[in-house]
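The exercises below are meant to be worked with the sequence and the structure in view. Try each task before reading the solution that follows it.

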Amino acid sequence: MNAPGALDRRAVVAALLHEPGDLLVVTGLGAPGYDAAAAGDQALNFYLWGAMGGAAMVGLGLALAQPDRRVLVLTGDGEMLMGIGSLATIAVAGAPNLAIAVLDNGRYGETGAQHSHTAQGTDLAAVASACGWRSTATAFTMAEVEALRARLLSEPLFAVIRISPAESPRALPPRDGAHLADRFRRALGVTPP
Amino acid sequence: MSQPSWQEAVYAALKAARITQVGYVPDAGHAHLIAAAITDADMRAIVLTTEEEGIALAAGAWLGGQRAALLMQSSGVGNCINMLSLPVNCRMPLLTLVTMRGEWGEFNPWQVPMGRATPAVLTAAGVHVHRADHPGEAAETVAAAAALAFDSAVPVAVLFGQRLIGAKVFVQ
């Protein structure tokens, strides 16, 4: 068993998304979306409310389409595990403007806090490294999170952030997918091609 | 490998539809398209570990202002079902080209269940299904599917019949 992390997820995400500038953010379903909404809902946040396992690949398609913008995927350990193959796909594709931060509490928080694989020995940073990611990191303290922030905004980095399994109050972002996609594209200035 | 002209025409239809990202899980029936996409400086060919990755890739491309296509075999359609909630729910285009197995002259019984279920499964998941069984109709079907997908913002699949591709022959 891996010891649970200690970091407060809201404090972590607030630090990562502080003054996001023109950062493009994709969140995996569940609490990472609530965390991003609590840090400040904005049009350049695209929240998945389902499509479990797809967050990282949405980030890849977006990063390839917008090579001059930074893309950050914020997701949980359960969501990343379901899309684990995409770690190989993204490493092989190579997207220098894409980073992934996994908020790892070792739990399936939406469904009763059942232990995920990362609570029981699976190390997603090691998986990413084995898939070909050249830059991986794991953060256990807020000082390490602060140091990661600059890297997440400048490198193709895969980072695991060990957060506490404690639940935070719900902060629900909009969940109409068509609305979220439309406002994102408008904010990005993407005209209907 | 021979490169039938219908495949070249299909590639030209993708170019005309301004597709710039191509996600694929390899299939012999898509070999020409995959090779063409890899060597095209204006395209990104992305090899996937499983087909649903390509649904999410296409969604990200659309968010970023590009158009993607997903190439797969009918056996991969089943892998995509839940991920199809993404384009359906977000009213996004999706263009996928599916080479059929498990029908015309199939030798492998393991291909039959998913091949037989493919059109119904796609339809049930909210995908518009077009089909091409003859070389002369392949490219125009892809062009029409691309127009429907990107102009009307809906998911569309084009099934390339096994009769079109040629039944795979198993040689012992």
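**Exercise 1. Two helices of chain A**

Task: In this predicted model, determine how H3(A) and H5(A) are oriented to each other and which residues make the contact between them.

Solution: Begin with the axes of helix H3 (residues 55-65) of chain A and helix H5 (residues 85-93) of chain A, which come within 9 Å and cross at roughly 20°. Angles under 35 degrees count as roughly parallel, and H3(A) and H5(A) are therefore roughly parallel to each other. As for the handedness, H3(A) passes H5(A) in a left-handed crossing. The next step is to list the residues: H3(A) contributes A:Ala56, A:Met57 and A:Leu60, while H5(A) contributes A:Ser86, A:Ile90 and A:Ala93. Sorted by class, the residues of this contact are 5 nonpolar and 1 polar, with no charged residue.

**Exercise 2. The sheet of chain A**

Task: Work out the order of the strands in the open sheet of chain A, and then find which helices lie on the strands.

Solution: Reading across the open sheet, the 6 strands follow the order S2-S1-S3-S4-S8-S7 in chain A, and their pairing is parallel. Strand S2 (45-47) and strand S7 (136-139) of chain A are at the edges with a single partner strand each, so one side of each has no neighbour in the sheet. From one strand to the next, the twist averages 15°.

Now look at one pair, strand S3 (residues 71-76) and strand S4 (residues 98-104) of chain A, which run parallel and are joined by 6 bridges. Within this pairing, A:Leu72 stands opposite A:Ala99 in S4(A).

Turn last to the helices: helix H2 (residues 31-40) of chain A lies across strand S1 (24-27), S2, S3 and S4 of chain A, and runs at about 125° to S3(A). Helix H6 (residues 124-131) of chain A also packs on the sheet, where it touches S4, S7 and strand S8 (158-162) of chain A, and its direction makes about 175° with that of S7(A).

**Exercise 3. Where the two chains meet**

Task: Describe the side of chain B that touches chain A, first by its elements and then by its residue classes.

Solution: Start from the count, in which 30 residues of chain B are in contact with 29 residues of chain A. The elements of chain B that give two or more residues to this side are strand S2 (44-47), helix H3 (52-63), strand S3 (67-73) and helix H5 (85-90), and H3(B) gives the most, with 9 residues. By class, this side of chain B has 14 nonpolar, 10 polar and 6 charged residues.

Terms used: Residues numbered from 1 in each chain as written. Chains lettered and ligands numbered in written order. Predicted model: local features only at pLDDT ≥ 70, side-chain atom pairs only at ≥ 80, totals over all residues. Contact = placed C-beta atoms within 7 Å. Helix = DSSP H or I, 4+ residues; strand = E, 2+ residues; numbered from the N terminus. Nonpolar A, V, L, I, M, F, W, Y, C, P; charged D, E, K, R; others polar. Pairing = 2+ DSSP bridges. Axes fitted to C-alpha atoms, helices over the stretch in contact; angles between N-to-C directions. Parallel < 35°, antiparallel > 145°, perpendicular 65-115°, else oblique. Left-handed = near helix turned anticlockwise from the far one by under 90°.
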